[in-house]
Structure formats: structure tokens, C-alpha cells
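Got a few minutes to look around a fold? Here's a plain walk through the empty spaces, the helix packing and a couple of backbone oddities.

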Amino acid sequence: MQQFIDAAPDIRLWTEQRGPVDAPPLLLVMGAQATGIGWPEPLVDALAAHHRVIRYDHRDTGRSTWSFEEQPYRIADLATDVIAVLDGLGIDRAHLVGMSLGGMLAQMVLADHPDRCLSATLIGTSALSTTPYTRPDGRPVPAGELPGIAPEVLELWSRPVEDHGPAAEVERRIEHWRVLAGDQLAFDAQYFRTLEHRVIAHTGHHLTSTAHGRAEHDGMLRTEQLATNEVPSLVICAPAEPVFPPPHPQHLAQCVRGARLVEIPGMGHALPPAVQGPLATAILAHTGAATG
């Protein structure tokens, strides 16, 4: 079922629900510039066998309002959209699953609105915390000294996004996914080609917004709140992650009190078929334990 939610004045967010309406709600929160369609269908279906699964389009993606040029917003406003989606659908509490920027938004909700969270699963993201990382040998490492984004990713992100038509845009996105997916699994270009054709059909055009990269990132740290967290939390470790490479997941698991860490073999900063089954298994084991 598809539904639009009024998240703020002149801001409407596209949502989709799947699974039994009386099952525990699970909200999927995608990364920067990514639509809800970026959550793979088999993964959504696997989760919907046990949950009322909701996915949605961020502002300036998909079918939601594209407003940044006229109404600039902060990344923190995207976190308030998470609560707006729950409110708009009449959901008091939900399991949150956040990917990349979505994992940061989930941390903000976890910190600011723990009463709205049944559990949290954080994927491909970094800690909104200044707490140092403690290495296995006991040596502390300042959060600012953890490994940065891989040079090949930064090089891709530095290129201007020019409009050369839909076909060229799809190929540009495939090359982007090739780098994000990491080097431990064979890259399935056709899978990502099909995904991007679906995203374009869903959106209604092939343009890509840069709004999330330009939005103000101030006010995102939640060091103290994460350190006193009581919501069951899971951190997914992706060994081939090029954006927030290990030990970022280990650091995040240390910063979020009580968090567990599960590694998905071969995973990078993408959700190809090879990781979808193990990821669904990890999420469902976590949500099942959280809800008893």
C-alpha cells in the first residue's frame, strides 16, 4: 500500500507498506540521495513475512517533495521526517533499520526518541559520537583518526553530475555502485542496472539531487545519549565497506550502549543479492529477540 505523508509545510513524503498490518512495524531508512526503492525487493519481502514493513522516499528523492532549492533544510530535519512518517501512519513504536545516512538518522531518533524505537539496526554508517575507539589491544583511537572514505569513492564524488540523458545516467550510477560494492564479491552490473531503471521509473525522471550533500550537518552528534542507550541495537559490519570501513562498525558498537555486532561476509556499501539473505537473517534475529 502506498501513501503520502505530510511531514512539514509543503513537504510530502512517499511511503509504501508491506506485510501484515498487525505485525510489529519495521521502518527502513535509506541513505543520502537514495529512494526507498533502493531497499531490495527480496529483502523487503523477507522482512515483511514477520513485520509491517515501511519504506519511504527522503525529501529530494523519488516521489517525495523536491524542495531544497526553495526551502533548504538540515540533515537533522531528515531525522524529524522519520518521526513524521511514524506519526502519519499512526505507529507508536517501530523497529528502525538505517543504511548509510539512514543509519545516522536512526541514531538521532534512537537518541532523541527512544520511546518510539522497538529496536535499531545500523548498516554502513559511522557513530555520531566523539567517544574514542578502543582497539582490541586496549589502545584508544580518537574518533577523528579512524580510516576515511576510500580514495576511489572520493574521486567519484568529486565529479560533477552532468545530465547526458537517461542511458548515460544509468551507466554513471552503475560505475558508482561498482566502487561502493567493494572488492570481495563479484560485481553484478545487471542487478544494479535493473535497480536503477526501477528507481528512474519510480521517480519519473533520471535527475539526481545533490541536496543531502549540501544540507547543513550541524547538530548531529549524540555522544551522551548513545552512551546511555537502552534500545536493543544491532550494528552490521561490512568487511568490504569503502565509505565507513572497519573499524567504524566496531567503534559504533562501542558507542551505542549494549549494541551487538554482526558481520555479513563480503558486504560493502551496497545491497547486492549475495548479502540480502544473510542481512535479512541478522535483522530478523535481532527484531525477534527485541520483541520477545
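What follows goes through the pocket, the cavity, three helix pairs and two unusual backbone spots in a predicted model.

**Empty space**

Rolling a probe the size of a water molecule over the atoms shows where empty space is left. Start with the largest pocket, which holds about 1,300 Å³ of space. Its lining runs to 47 residues, and A32, Q33, A34, W157 and H176 are the closest to the pocket's centre. Which elements give two or more residues to that lining? They are α3 (101–112), α4 (151–158), α5 (166–180), α6 (189–203) and α7 (211–214). By class, the pocket lining has 24 nonpolar, 17 polar and 6 charged residues.

Then there's the enclosed space. Searching the whole structure turns up 1 cavity of 30 Å³ or more. The volume of the largest cavity is about 50 Å³. Around the largest cavity you'll find L122, I123, G124, T125, V235, I236, A238, E241, F244, P249 and L252. Two or more of the lining residues come from each of β6 (117–123), β9 (233–237) and α9 (248–255). Sorted by class, the cavity lining is 8 nonpolar, 2 polar and 1 charged.

**How the helices pack**

Two packed helices are described by the angle between their axes and the distance between the axes. Here are the three pairs:

| Helix pair | Axes come within | Crossing angle |
|---|---|---|
| α1 (41–48) and α10 (273–291) | 9 Å | roughly 30° |
| α2 (75–88) and α3 | 9 Å | roughly 70° |
| α5 and α6 | 9 Å | roughly 130° |

Take α2 and α3. With axes that cross at roughly 70°, α2 is therefore roughly perpendicular to α3. The crossing of α2 and α3 is right-handed. On the α2 side the contact uses I75, A76, L78, A79, V82 and I83, and on the α3 side L101, L105, M108 and V109. How do those residues divide by class? The contact of α2 with α3 has 10 nonpolar residues, with no polar and no charged ones.

Now α1 and α10. Angles under 35 degrees count as roughly parallel, so α1 and α10 are roughly parallel to each other. Their crossing is right-handed. From α1, residues P42, L43, A46 and L47 meet Q276, L279, A280, I283 and L284 of α10. That contact breaks down into 8 nonpolar, 1 polar and no charged residues.

Last come α5 and α6, which are oblique to each other because their axes cross at roughly 130°. This crossing is right-handed too. In α5, the residues V170, E171, R173, I174, W177 and R178 meet A189, F192, R193, L195, E196, H197, V199 and I200 in α6. By class, the α5 and α6 contact has 8 nonpolar, 1 polar and 5 charged residues.

**Backbone oddities**

Most residues other than glycine have a negative phi, and most peptide bonds are trans. Where does Q33 lie? Q33 is in the loop between β3 (25–29) and α1. Though not a glycine, Q33 has a positive phi of about 65°. You've met Q33 already, since it's among the residues closest to the centre of the largest pocket.

The other spot is a pair of prolines. From P246 to P247 the peptide bond is cis, and its omega is near 15°. P247 sits in the loop between β9 and α9. Both β9 and α9 also give residues to the lining of the largest cavity.

Methods
Residues are numbered from 1 along each chain as its sequence is written. This is a predicted model: local features need pLDDT of at least 70, side-chain atom pairs count only at pLDDT 80 or more; totals for chains, interfaces and linings use all residues. Side-chain values use heavy atoms; hydrogens and water are left out. On a 1 Å grid over the protein atoms alone, a cavity is a set of points where a 1.4 Å probe fits but cannot get out, and a pocket is an open set with protein on both sides within 12 Å along at least five of seven lines; lining residues have an atom within 4 Å of a point. Grid points are joined across faces, edges and corners, and a volume is the space filled by probe spheres set on the points. Helices (H or I, at least four residues) and strands (E, at least two) are DSSP runs, numbered from the N terminus. Ala, Val, Leu, Ile, Met, Phe, Trp, Tyr, Cys and Pro count as nonpolar, Asp, Glu, Lys and Arg as charged, and the others, Gly among them, as polar. Axes are lines fitted to C-alpha atoms, for helices over the stretch in contact, and angles run from 0 to 180 degrees between N-to-C directions. Angles under 35 degrees count as roughly parallel, over 145 as roughly antiparallel, 65 to 115 as roughly perpendicular and the rest as oblique. A crossing is left-handed if the near helix is turned anticlockwise from the far one by less than a right angle, and right-handed if clockwise. Contact means heavy atoms within 4.5 Å.
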